[in-house]
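Visitor: Please take a close look at one part of this model for me. Start from its core layout and carry on from there to whatever connects with it.

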Amino acid sequence: MHCKDRILEPDNSEYCEAPINTLILLGSFAQRRLTNTFKDLPPRYKGLVGSSRLTFPYGGNLGMPCKAHISLGDLVHKIPKIRQKIGWRAKQYLFNLEPTMSHADIIISHGAEAQYSSQATKYCRRTGCPLIIQEVESIPFVSYGSRFNDQRLTALSLARLVIAVTERARTAMIVEGIPESKIRLVPFGIDTELFNPQVPQRDTRTRCGFSEDDTVVLFVGKIDWGKGVHDLLYAAKLLSDDPQLSKCKLRFMLAGNGPDYHAISGLIDQLNLSEKFKLVGSISYSDIPELYASCDMVVVPSKPYGRTVLDQCPLVLFESMATGKPVIGTYCGGIPEVLGECGLLVPPGDALTLSNAIKTLAVNSSMRQDLGESGLARVRNKYDSKIVGALCADVLDEALAL
């Protein structure tokens with residue numbers, strides 16, 4: 001293996017091991033929010049992200065070296081009739097992937113159901129290259145009855161080790177029959193140099209038409225039903241005439257885009273909330289920390305989309321806590337696990353309870369400060385990318401030794 005080669009350092013006379021080429025397959029999921037988990041691997045691991053071409057208009061700089069491949073999704077995304085018939089799993093097929101895999105000493109593949117994971121499984125079974133699957137899915141047998149269920153279980157079974165990003169994901173795999181002895185719990189990581197309480201808010205409030213006296217509630221994410229944006233609007237309507245909030249001057253900022261963007265814009269007008277809401281649309285990843293700096297609380301009102309779709313582990317949680325902001329989340333997926341006791345939790349799809357939680361934080365600045373400080377400490381102790389990078393390296397070491 002390449003990782004056992006010996007090379008001579010140019011500035012000293014001692015020998016050291018060559019870096020271990022580590023391919024991290026993310027497909028169209030390649031974005032800074034996911035690469036933060038791997039960007040601080042120790043120097044002995046030389047990481048390369050395998051992405052699809054669609055990554056670049058979506059997120060641009062990944063903070064890591066990247067090899068972009070044409071994916072099936074790239075080919076069909078401009079053909080609506082075909083695009084609608086092909087699910088996200090199949091769209092993750094990456095063309096000409098094997099030459100990239102041939103340079104890897106070990107492969108980490110995100111999501112057992114993605115087609116690039118199936119490609120990696122077949123390659124690793126044939127060549128003996130170690131494979132690690134990183135899994136976020138927390139619904140057992142999510143694809144039961146389809147060919148993707150077999151592909152998923154094959155990938156999880158043949159991987160030397162499996163990384164579960166939450167305890168719920170670990171439990172789901174145990175239910176599916178994956179041996180507990182091969183599952184390692186490694187959470188997502190967050191870049192605490194980019195996201196921190198010292199980020200200046202600049203003039204974000206002014207550009208949104210808000211004043212420094214306003215109490216700003218921030219939502220960051222995809223604008224669609226499963227993210228709970230509709231529930232946030234209904235909660236805002238319930239709070240709009242609350243006399244106890246007259247001094248708080250609640251304002252709401254929605255950052256992101258998605259299939260329901262225009263519908264949400266129309267609903268804001270219909271609910272007579274135009275003066276309280278600002279839709280800022282999509283913004284670059286490097287500008288997101290300023291949004292957090294400009295708000296007083298962050299709301300993550302996710303809810304199940306249906307039997308097979310769940311907002312597993314919103315990375316907005318890590319970003320919010322890293323900037324010292326209090327968070328209101330829901331009992332959905334891994335949200336309670338990530339927040340711990342460092343935020344408020346409400347039932348998903350419950351606008352009334354959500355409105356009460358927003359009101360509680362709006363009128364209690366000391367609670368906002370306490371939750372923000374405890375969330376910040378939790379991130380620095382558990383989710384900092386440097387800590388997570390070391391945990392990932394331990395799993396890589398173990399898989400290479402098997």
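**The sheets and what links to them**

Guide: Let's begin with an open sheet built from seven strands, which follow the order E5-E4-E3-E6-E7-E8-E9 with parallel pairing (strands, E, are DSSP runs of at least two residues and helices, H or I, of at least four, numbered from the N terminus; two strands pair if DSSP finds at least two bridges between them). Its edges are strand E5 (66-69) and strand E9 (183-185), each of which pairs on one side only. On average, neighbouring strands here are turned by 25° against each other, direction ignored (axes are lines fitted to C-alpha atoms, for helices over the stretch in contact, and angles run from 0 to 180 degrees between N-to-C directions).

Before going on, a word on how to read this: it is a predicted model, in which local features need pLDDT of at least 70 and side-chain atom pairs count only at pLDDT 80 or more, while totals for chains, interfaces and linings use all residues. Residues are numbered from 1 along each chain as its sequence is written, and side-chain values use heavy atoms, with hydrogens and water left out.

Inside the seven-stranded sheet, you can follow strand E3 (residues 20-27) running parallel to strand E6 (residues 106-110), with four bridges joining them. One place to zoom in is Thr22, which has Ile106 of E6 opposite.

There is also an open sheet of six strands, again with parallel pairing, in the order E12-E11-E10-E13-E14-E15. Strand E12 (277-281) and strand E15 (344-346) form its edges, each pairing on one side only. From one strand to the next, the twist averages 25°. Within this sheet, strand E13 (residues 297-300) and strand E14 (residues 327-330) pair in the parallel sense over three bridges; Val299 has Ile328 of E14 as its bridge partner.

Now for the charged pairs. Side chains of opposite charge can pair when their charged atoms come close. A search of the whole structure gives 18 salt bridges (a side-chain nitrogen of Lys or Arg within 4 Å of a carboxyl oxygen of Asp or Glu). One of them leads back to strand E13: Arg205 forms a salt bridge with Asp296, with the closest N and O atoms 2.8 Å apart. This pair links distant parts of the chain, 91 residues apart, since Arg205 belongs to helix H10 (residues 204-208) and Asp296 to the loop between helix H13 (288-293) and E13. Both Arg205 and Asp296 are buried (buried means under 20% relative accessible area, exposed over 50%, partly exposed in between, with a 1.4 Å probe and protein chains only).

Arg126 and Glu98 give another salt bridge between side chains, at 2.4 Å from N to O. Here, too, distant parts of the chain are linked: Arg126 is in helix H7 (residues 115-127) and Glu98 in helix H6 (residues 98-101), 28 residues apart. Arg126 is exposed at 52% relative accessibility, and Glu98 is partly exposed at 38%.

The side chains of Lys359 and Asp242 also meet in a salt bridge, 2.9 Å from N to O. Lys359 sits in helix H16 (residues 351-362) and Asp242 in the loop between helix H11 (229-239) and strand E11 (250-255), so the pair ties together parts 117 residues apart in sequence. Lys359 is buried, with a relative accessible area of 17%, and Asp242 is buried with 17% as well. Elsewhere, Arg32, Lys39, Asp40 and Asp191 are joined into one network by salt bridges that share partners.

That network brings us to Ser385, in helix H18 (residues 385-401). Beyond its neighbours within four places in sequence, Ser385 is in contact (heavy atoms within 4.5 Å) with Asn36, Lys39, Asp40, Gly189, Ile190 and Asp191. With a relative accessible area of 1%, Ser385 is buried.

As for cysteines, the disulfide count is zero (a disulfide is a pair of cysteine sulfur atoms within 2.5 Å). Cys124 has its nearest cysteine sulfur, that of Cys129, 4.4 Å away, and Cys124 is buried at 7% relative accessibility. For Cys313, the nearest cysteine sulfur is that of Cys332, 11 Å away; Cys313 is buried at 8%.

Finally, confidence: the protein's mean pLDDT (the predictor's confidence in each residue, from 0 to 100) is 90, with 92% of residues reaching 70 or more. Over residues 1-16 pLDDT stays under 50, and the model has 25 contacts for them beyond four places in sequence. Where pLDDT is low, the predicted coordinates should not be read in detail.
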